[in-house]
Amino acid sequence: MRRFRLSMRVRHYLEGYGFVSLWIIGFFLFMAVPLGRSLYFSFHKLTMSQHGLVATYVGGDHYRAAFVTDVHFLPLLRDTMVTMLTNVPLILVFSMFSALLLNRRAVGRILFRGIFFLPVIIASGAVLRKLLELGAGQLPIFRDYDLFNLLRRFIPGQVLLPLLEFADSLTLVMWDAGVQTLIFLAGLQTISPQLYEAARCDGATAWESFWKITFPMILPMVFVNVLYSLVNSFTKTDNRVMDHILNVVFRNNDFGYGSAIGWMYFLLIAVVLGLVFALFRKSLANVEGRGGA
Amino acid sequence: MNALQTAWRQALETAQKTGRRAVRMAQTTGRRAAEAAKTTGRHAVVKRAKRLASAAFHYLVLLSLSYVFLFPLFYMLSKSMMQTWDVADATVQWIPKKLDFANYAAAFRALNYWQGFANSVIEAVGSGLLQMVSCAIVGYGFARYRFPGHGLFLSLVVFTFLVPPQSIVVPLFIFFSDLGWIDTHLPFMVPSLFGHGLKGALFVLIFIQFFRRMPGVLEEAARIDGAGALRTFWAIMFPLARPAMLVVFLFSFVWHWNDIFEPSLYLRVPTYYNLAQRMAVFFGDANLAMQQMAMQTSADVIGVAPTTMNQMMAAMVLTVLPILLVYLVLQRYFVESVERTGIAGE
């Protein structure tokens, strides 16, 4: 039997495809085809009949309806954008802060890390949402111990109450920041301590070495975290747009309209992510330039 | 002679002067040195105090943040143990008067716990293991091979990560129901088998990062010894990927366990509900019952409604308990693994 011989390069290609093909098949089955079909659905009206789903072309009606007829869609979209704009920066700052805290050498570091990553375990889903509904998200420290009345003496109620609400939403932010803290921490560990040593020899303060060493070194992780937080805040289970789409699809059985608003939502996300990419491409390129010079 | 004498005296005087000056100088330097020693001593004390203060501050911040993270847990535990009398009793803040698991018994029955537990385990462990293996294979392919279309496919991975699941949920649902997979665990398993499913693209990216950092020497050695591509991967690289696998498995396990979005689409018969779904249903029922009670009577509400709330807390504890236990066991390895995985990218 003569063996079929391939050149080294072709064999290398084939082996590579062999490993990756699994994912590519999956991509067509579970991503590309559904995405295409949902685009198709969004221009059609789907009705159930005995032959299954029947699609009739309606053009851009669904897209128009989202802006004209649907009273929920636009307000929900606006709310989502507002929460995203306020929460993502807060999450980033907080996760950076706690990663810096955890990165410091101290007794009981392992224990504290275990506690700080608890949100990763519990917060990702229905449990946290229910907990918050039942009032566990509000820290009692503001309400117990008469702190509230004490504060009221100095701060007028109209200012204090929103402040307290903000503090409560801050706990939510902290609970959302688990994975981001993890990523920052892993990033901090890759920075060589020699850099800090050299900076200290040159008389840099901790503040300066943070902005001149830590921050530039961790900028790629900031990018990763911005992406992750954005995607997460758009696709979280307690995102109200997501609820709305589910309701449209599975309560009203309006597959076409559901696909249309799903697509619009996706396009909006794509625009936001595109902006982030553009923003970071410049600053990431800057960092690389600085390193090369 | 006279001139010589004066010269001598002058020389003597200068000598004396320099000597005196030398002595004086020695004295001052000594004094200065002593002073300097004293100040450095004081400096060290200040420094140590500063370090102590910063450490104390550090721990203060750590502890107060830990409080934020632990509070809901303790709240949940404490409330789930409270009975009617504890709720009515103003002196009971955290610790109930009597150890009583009545809430747990009620929640256990309402959730139909073992059935839900079995569903959750099948779903979370099954998909977790499948995702772990398939994403490792795919990640290895992307990290170690360069082939035409490499960049394109890699950007498709990122793209998949960015697409919100709700924009493709309709066709997927129709697809799975055409296949007759509704009310089975297949809609979770099969995408996981192909490296997709819940956040599959993220896991592929984690494995790519991990394998990129591995030295290539091991593979070369295996290749020279005559191992094929598959064997090299399976016998050498796959076992070495343990830290990344741990991270991926834990994430996948936990996210599947807590997920309520996809299960509520594909599992529509209550027997197939996982724990998170059951909890949501129980909550819905309990809320409804509370509202009705509030409408009917006002006297009973004070006694009954809080207990329903406490039963809900018990249900929550029961739902979270398994993953908490898994986390407690794996926590140490998990945190270490994250550091070694290079999850952060480059």
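At what angle do the axes of helix H8 (residues 200–213) of chain B and helix H11 (residues 242–258) of chain B cross? Keep that in mind while you set up the view. One thing to know before you click anything: this is a predicted model.

**Stop 1: the chains as a whole**

Colour by chain and start with B. Chain B runs to 346 residues, and 34% of them are buried. Switch on the cartoon and you should find 14 helices and zero strands. Walking from the N terminus, you meet α after α, through to the end of the chain. If you like contact maps, take the contacts in chain B between residues at least 6 apart in sequence: 78% of them join residues at least 24 apart.

Now chain A. Here you get 13 helices plus two strands. Chain A has 293 residues, with a buried share of 31%. On its contact map, again for residues at least 6 apart in sequence, 73% of the contacts join residues at least 24 apart.

**Stop 2: a helix pair in chain B**

Back to the opening question. Select 200–213 and 242–258 in chain B: the axes of H8(B) and H11(B) come within 10 Å and cross at roughly 170°. Angles over 145 degrees count as roughly antiparallel, so that is the label for H8(B) and H11(B). Show side chains next. H8(B) brings Phe203(B), Ile206(B), Phe207(B) and Phe210(B) to the contact, while H11(B) answers with Ala244(B), Val247(B), Val248(B) and Ser252(B). Sorted by class, the residues of this contact are seven nonpolar, one polar and no charged.

**Stop 3: the largest nonpolar core**

Stay with some of those side chains and widen the selection. The largest nonpolar core holds 118 residues, and the members that touch the most others are Val204(B), Ile206(B), Phe207(B), Val248(B) and Ala315(B). Ile206(B), Phe207(B) and Val248(B) are also part of the H8(B)–H11(B) contact you just looked at. For the largest share of the core, go to H14(B), which gives 14 residues.

**Stop 4: where B meets A**

Select every residue of chain B in contact with chain A: you should have 71 residues, facing 73 residues of chain A. Several helices of chain B give two or more residues to this side, including H1 (2–81), H4 (113–144), H5 (150–162), H6 (169–178), H13 (275–296) and H14 (299–341). H11(B), from the helix pair, is on that list too. Which helix gives the largest share of the side of chain B that touches chain A? That would be H14(B), with 13 residues. Colour this side by class and you get 54 nonpolar, 13 polar and four charged residues.

**Stop 5: two loop residues with positive phi**

Still in chain B, centre on Asn112(B). Its phi is positive, about 55°, although the residue is not a glycine. You are in the loop between H3 (102–111) and H4 of chain B. Asn112(B) is partly exposed, with 15 other C-beta atoms within 10 Å. Draw a distance to Arg48(B) while you are here: the C-alpha atoms are 59 Å apart, for residues 64 apart in sequence.

Then jump to Lys199(B), another non-glycine with a positive phi of about 55°. This residue is in the loop between H7 (186–193) and H8 of chain B. Is Lys199(B) buried or exposed? Count 24 C-beta neighbours inside 10 Å, and since 20 or more is the cut-off, Lys199(B) counts as buried.

**Stop 6: three helices in chain A**

Swap to chain A and select H10, residues 193–201. It is hardly covered: among its nine residues, zero are buried. Just after H10(A), check Gly203(A), where phi is positive at about 85°.

Next up is H11 (residues 206–235) of chain A, home of Glu208(A). Glu208(A) has 12 C-beta neighbours inside 10 Å and so counts as exposed. Pull a line to Ser7(A), 201 residues away along the chain, and the C-alpha separation comes out at 55 Å.

Finish on H12 (residues 240–250) of chain A. Show Val241(A), Met242(A), His244(A), Ile245(A), Val248(A) and Val249(A), which are buried. Now look down the axis of H12(A): the buried residues fall within an arc of 160°, so they line one face of the helix.

Conventions:
Residues numbered from 1 in each chain as written. Chains lettered and ligands numbered in written order. Predicted model: local features only at pLDDT ≥ 70, side-chain atom pairs only at ≥ 80, totals over all residues. Axes fitted to C-alpha atoms, helices over the stretch in contact; angles between N-to-C directions. Helix = DSSP H or I, 4+ residues; strand = E, 2+ residues; numbered from the N terminus. Parallel < 35°, antiparallel > 145°, perpendicular 65-115°, else oblique. Contact = placed C-beta atoms within 7 Å. Nonpolar A, V, L, I, M, F, W, Y, C, P; charged D, E, K, R; others polar. Arc of directions from axis to C-beta. Core = buried A, V, L, I, M, F, W, Y, C linked by C-beta atoms within 7 Å.
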